[in-house]
Amino acid sequence: MSETLPEAYLGPQRVFSGVQPSGALHLGNYLGALVKFVALQERMECIYCVVDMHAITLWQDPAALASQTREIAAAYIAAGVDPTRAIIFPQSAVSGHAELAWIFNCVARIGWLDRMTQFKEKTGKNKQGASVGLYTYPVLQAADILLYKATHVPVGEDQKQHLELTRDIAGKFNNDFNAPGFFPLTEPMIEGPGARVMSLRDGQAKMSKSDPSDQSRINLLDDADTISQKIRRARTDPAPLPEAVAGLSNRPEAANLVGIYAAIAGMTDQQVLDRFGGKGFGEFKPALADLMVDRLAPVSDRMRRLIADPAEIDRILADGAARARAIAEPILEETRRIVGYVKL
Ligand code: TYM
């Protein structure tokens, strides 16, 4: 990957992030992203997008896409994002995302995209059968972020490589067009205990919307019984929990459940082990399930209520799109000038 240029970005601090409406939201999305979205709105201007253009890089049922988009917006709000402060909108409603992505397609190098591990994971051996959109997916992601000159992006660990690419694209654009400091070199915000929530069936695989087994994840709309049952059936080993964090190495499933408990309770892994070290999963799992239900039940209740009123969600999304456009338009206008498009 190319070296980024030492250059000062002097614009305002701004947060951008997005979630794909490609399936039910799960605990990993909640802990890795939504919880951070809520915390950041207290101290920075925040823009939270529902990235429907990214979702269609894999085929989506058109009848389901709009309702899934509203569902993600509902999840943002149910988790605590305040739409009168933060901007919530669907990506496809602001055409600047597509326009800037085209310019960045001409800045990014094929060699950079060839190194993207998510593309390889999603296509497996069938690269030839993948959509071109899936291949240039990370370029659109860079456009999402830089259309608003976002300086901070809260995401889970799996987005790290895409954010490195975003910095490379910003640096190369600024360099190629002799516009030092025009686009910021965005900072990823990945740290925190929920940055990598793993599958309940396999401690080596991340919890994912696309895992065919629903038992592998806790969905935000799962009811209390389903959550308890999934935790009870979560894969573990027979040993009791260790007294110290070092004892979790080589025990990925145990480490995952301890990490989830810590993320929800706002504790460190060691504090969880101070409480449960030496105890078996027969005791730990019900405690974890209770904690999870206490935390998620109000979120899913609010989400259900919001989903029942799609017109209200659409009103919030339309308002958000108008505010997003107002930020994007001058940045896009300046980008067009820098690239040399004729101004009519
Ligand atoms: P998506 O829709 O896959 O996931 C949304 C967010 O949830 C995080 N996440 C996780 N965090 C912890 N543990 C997990 N198991 C887990 N699974 C998912 C993701 O890291 C993400 O923060 N490419 C992005 C969407 C996107 C975007 C952007 C993000 C498009 N444009 C611009 C930030 C900025 C994605 O696929 O997220």
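Let me start at Y341, which sits in the segment after α14, the helix spanning 310-339. Keep in mind that this is a predicted model.

Is Y341 buried, exposed or in between? It counts as partly exposed, at 38% relative accessibility. What does Y341 touch, once we leave aside neighbours within four places in sequence? The contacts are E99, W102, I103 and R336. For a sense of distance, take T226. Y341 and T226 are 115 residues apart along the chain. Their C-alpha atoms are separated by 55 Å.

Two of those contacts of Y341, E99 and R336, lead us to the salt bridges. The structure holds 21 of them. R336 pairs with E329, and the closest N and O atoms are 3.4 Å apart. E329 is partly exposed, with a relative accessible area of 38%. This pair does not stand alone. Salt bridges with shared partners join E99, E329, E333, R336 and K343 into one network. So Y341 contacts two members of that network, E99 and R336, and Y341 is itself partly exposed.

Next, a salt bridge between strands. R14 and E45 meet through their side chains, at 2.9 Å from N to O. This pair links distant parts of the chain. R14 is in strand β1, residues 14-19. E45 is in strand β2, residues 45-50. The two are 31 residues apart. How do the partners compare in burial? R14 is buried, with a relative accessible area of 11%. E45 is partly exposed, at 35%. The cut-off for buried is under 20%, so R14 falls in that class and E45 does not.

A further pair shows a buried arginine as well. R217 and D214 form a salt bridge, 3.6 Å from N to O. R217 is buried, with a relative accessible area of 8%. D214 is partly exposed, at 35%.

Now a helix to look at on screen. Go to α13, residues 281-307. Where does α13 bend? The bend is at L296, by about 35°. A proline, P298, follows within four residues. L296 is also on the list of buried residues of α13. That list further includes F281, F284, K285, L288, A289, M292 and V293. Past the bend residue, V299, S300 and M303 are buried too. What covers these buried residues? The cover includes α1 (27-40) and α3 (62-79). It also includes α10 (224-233), α11 (252-265) and α12 (269-276).

On to the pockets. The largest pocket has a volume of about 890 Å³. How many residues line it? The lining has 37 residues. Q20, D158, Q159, K206 and K209 lie nearest the centre. Which elements give two or more residues to this lining? They are β1, α1, α6 and α8. By class, the lining divides into 12 nonpolar, 17 polar and 8 charged residues. Note β1 here, the strand that also carries R14 of the salt bridge to E45.

The second largest pocket holds about 220 Å³ of space. Helix α1 gives the largest share of its lining, 5 residues. The lining residues include L31, V35, K36, A39 and L40. R43, M189, E191, G192, P193, G194 and A263 line this pocket as well. The split is 7 nonpolar, 2 polar and 3 charged. Helix α1 is by now a familiar name: it is also part of the cover over the buried residues of α13.

Last stop, the enclosed space. How many cavities of 30 Å³ or more does a search of the whole structure find? It finds 1. About 60 Å³ of space lies in this cavity. Its lining is made of M116, Q118, F119, K122, L134, Y137, P138 and H162. Helices α6 (117-123) and α8 (137-146) each supply at least two of these residues. The largest share, 3 residues, comes from α6. By class, we have 5 nonpolar, 2 polar and 1 charged. Both α6 and α8 also give two or more residues to the lining of the largest pocket.

To close, three places to look at in the viewer. Find Y341 with its contacts E99 and R336. Find the bend at L296 in α13. Then find α6 and α8, at the lining of the cavity.

Note on methods
Residues are numbered from 1 along each chain as its sequence is written. This is a predicted model: local features need pLDDT of at least 70, side-chain atom pairs count only at pLDDT 80 or more; totals for chains, interfaces and linings use all residues. Side-chain values use heavy atoms; hydrogens and water are left out. On a 1 Å grid over the protein atoms alone, a cavity is a set of points where a 1.4 Å probe fits but cannot get out, and a pocket is an open set with protein on both sides within 12 Å along at least five of seven lines; lining residues have an atom within 4 Å of a point. Grid points are joined across faces, edges and corners, and a volume is the space filled by probe spheres set on the points. Ala, Val, Leu, Ile, Met, Phe, Trp, Tyr, Cys and Pro count as nonpolar, Asp, Glu, Lys and Arg as charged, and the others, Gly among them, as polar. The bend at a residue is the angle between axes fitted to the seven residues ending there and the seven starting there. Buried means under 20% relative accessible area, exposed over 50%, partly exposed in between (1.4 Å probe, protein chains only). Contact means heavy atoms within 4.5 Å. A salt bridge is a side-chain nitrogen of Lys or Arg within 4 Å of a carboxyl oxygen of Asp or Glu.
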